[in-house]
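Open the structure in your viewer and keep the sequence panel beside it. The tour goes stop by stop: select, look, move on.

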Amino acid sequence: MSKIGYLIIIIVAIVAVAALLAIPRPQAPMTQTPMAQASTSTTTPQKIVLYMATTTSVKDTGLLDVLIPDFEKWAASRGYNIEVRYTAVGTGQALAMAARGDVDVVIVHAPSLEKQYLENGTLKCRDVIAYNFFIIVGPRDDPAGAKSLTATEAFRRIAEAKAPFVSRGDRSGTHLMELSLWRRAIGREPDPKNDTWYISAGAGMGQTLLLANEKSAYTLSDTGTWLRYRDKLPQLDAIVQAAPDLINIYSFSIVKLSNATRLMAQYMKTRGLEVIGNLTINGVSLFTPINKADPKAMEWIKTAIFGPSCVER
């Protein structure tokens, strides 16, 4: 082969090698450190819906309007995406919903009834969270002459005078307290069919107060709802004020144990108590959280503290 032929072969070889070197090599995929992976993650916690049954007084006082959003925010700060949906009914209805498995937690205020639902296993645990008092309200001119008497004596006077009385009539904690007062006062529960002065509203506390005002009638109310509605009740006045036998005790119970319901129990016994204590009308607290109860009130409350605590479950 001539020198020119060899030269051509060498040039072709050089060009081929240069072309191969110019082809980009595939690179290994870049791995992220755990910190880098965490910084680029946008994972959102799965939403959990908690269903609550609660008494109308907890709603009518405005407590739920501050308590639920605060809990949801508190839970989010701990990595939970929780939405609370509630139904406000009488305690009897709330506990019936619990027995059917319709709700996860309850806030109620009828210790004797709650004890039955703890014993039958509907409620898995229970914590007293707050209290206020029941009071008897009625017409400003007090036609039954019940003012400043004990609750039992006031009910006896109302029955003797056949003065109009509006009952919740809904198996709520307030209604159950009212019925126990009637039994002590007159030895029986009034019958709306025969006792024409006795009106069964079948309604929540706020609506019952409004009806009593409309009819210039007596009724039993919790102090929280009374304070919230007082400006709408020009015909009514407080006839019998708070007393030891009229203490009104609220509790939180879990129906279905889960991480979310346990978290709510933890909130109700810590941050939730602060929220409850801060709810006021014209500087007057609507509820007293259990951690702020004075020794005298604790003596009245202690018989209503029973069952396993939810914060220990």
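Buried here means under 20% relative accessible area, exposed means over 50%, and partly exposed lies in between. Keep in mind that this is a predicted model.

**The whole chain**

Start with everything shown as a cartoon. The chain has 13 helices and 12 strands. Of its 313 residues, 48% count as buried. Switch on the surface: the accessible area comes to about 16100 Å², and 54% of that belongs to carbon and sulfur atoms. Now think about contacts between residues at least 6 apart in sequence: 74% of them join residues at least 24 apart.

**Stop 1: helix α5**

Select residues 91–100, which form helix α5. Color Thr91, Gly92, Ala94, Leu95, Met97 and Ala98: these are the buried residues of α5. What covers them? Show β1 (47–55), β2 (81–89) and β3 (105–108), then α6 (111–119) and α8 (173–186); the cover includes these elements.

Next, pick Gln93, also in α5. Is Gln93 buried, exposed or partly exposed? Its relative accessibility is 40%, so Gln93 counts as partly exposed. Add Arg171 to the selection. The two residues are 78 apart along the chain, yet their C-alpha atoms are separated by 7.2 Å. Finish at Gly101, just after α5, where phi is positive at about 80°.

**Stop 2: the disulfide**

Select Cys125 and Cys310. A disulfide joins them, with 2.2 Å from S to S. A search of the whole structure finds 1 disulfide. Cys125 lies in strand β4 and Cys310 in the segment after α13 (295–301), so the pair ties together parts that are 185 residues apart in sequence. Turn the view to look along the S-S bond: the angle about it is 105°, and the link is right-handed. Cys125 is buried, at a relative accessible area of 0%. Cys310 is buried too, at 1%.

**Stop 3: Phe252 and the cores**

Stay with the two cysteines and add Phe252. Leaving aside residues up to four places away in sequence, Phe252 touches both Cys125 and Cys310. Among its other contacts are Val105, Val106, Ile107, Ile129, Met264 and Met268.

Now widen the view to the largest nonpolar core, which has 57 residues. Which residues have the most contacts inside it? Select Phe71, Ile129, Trp226, Phe252, Met264, Met268 and Ile301. The largest share of this core, 8 residues, comes from β4. A second, separate core has 23 residues, including Phe134, Ala163, Trp182 and Ile239.

**Stop 4: strands β4 and β8**

Select residues 125–139 for β4 and residues 236–240 for β8. The two strands run antiparallel and are joined by 4 bridges. Zoom in on Val137: its bridge partner in β8 is Ala238. β8 is mostly covered, with 4 of its 5 residues buried.

**Stop 5: helix α9**

End at residues 205–215, helix α9. Color Met205, Gly206, Thr208, Leu209, Ala212 and Asn213, which are buried. Why do they fall on the same side of α9? They cover an arc of only 165° around the axis, which puts them there. Rotate to the face turned away from the buried side: it carries the exposed residues Gln207 and Glu214. Step off the helix to Ser216, which follows α9 and has a positive phi, near 50°.

Methods
Residues are numbered from 1 along each chain as its sequence is written. This is a predicted model: local features need pLDDT of at least 70, side-chain atom pairs count only at pLDDT 80 or more; totals for chains, interfaces and linings use all residues. Side-chain values use heavy atoms; hydrogens and water are left out. Buried means under 20% relative accessible area, exposed over 50%, partly exposed in between (1.4 Å probe, protein chains only). Two strands pair if DSSP finds at least two bridges between them. The arc is that of the directions from the helix axis to the C-beta atoms. A nonpolar core is a set of buried Ala, Val, Leu, Ile, Met, Phe, Trp, Tyr and Cys residues joined through side-chain atoms within 4.5 Å. Contact means heavy atoms within 4.5 Å. A disulfide is a pair of cysteine sulfur atoms within 2.5 Å. Accessible areas come from the Shrake-Rupley method with a 1.4 Å probe; for residues, only the protein chains shown count as cover.
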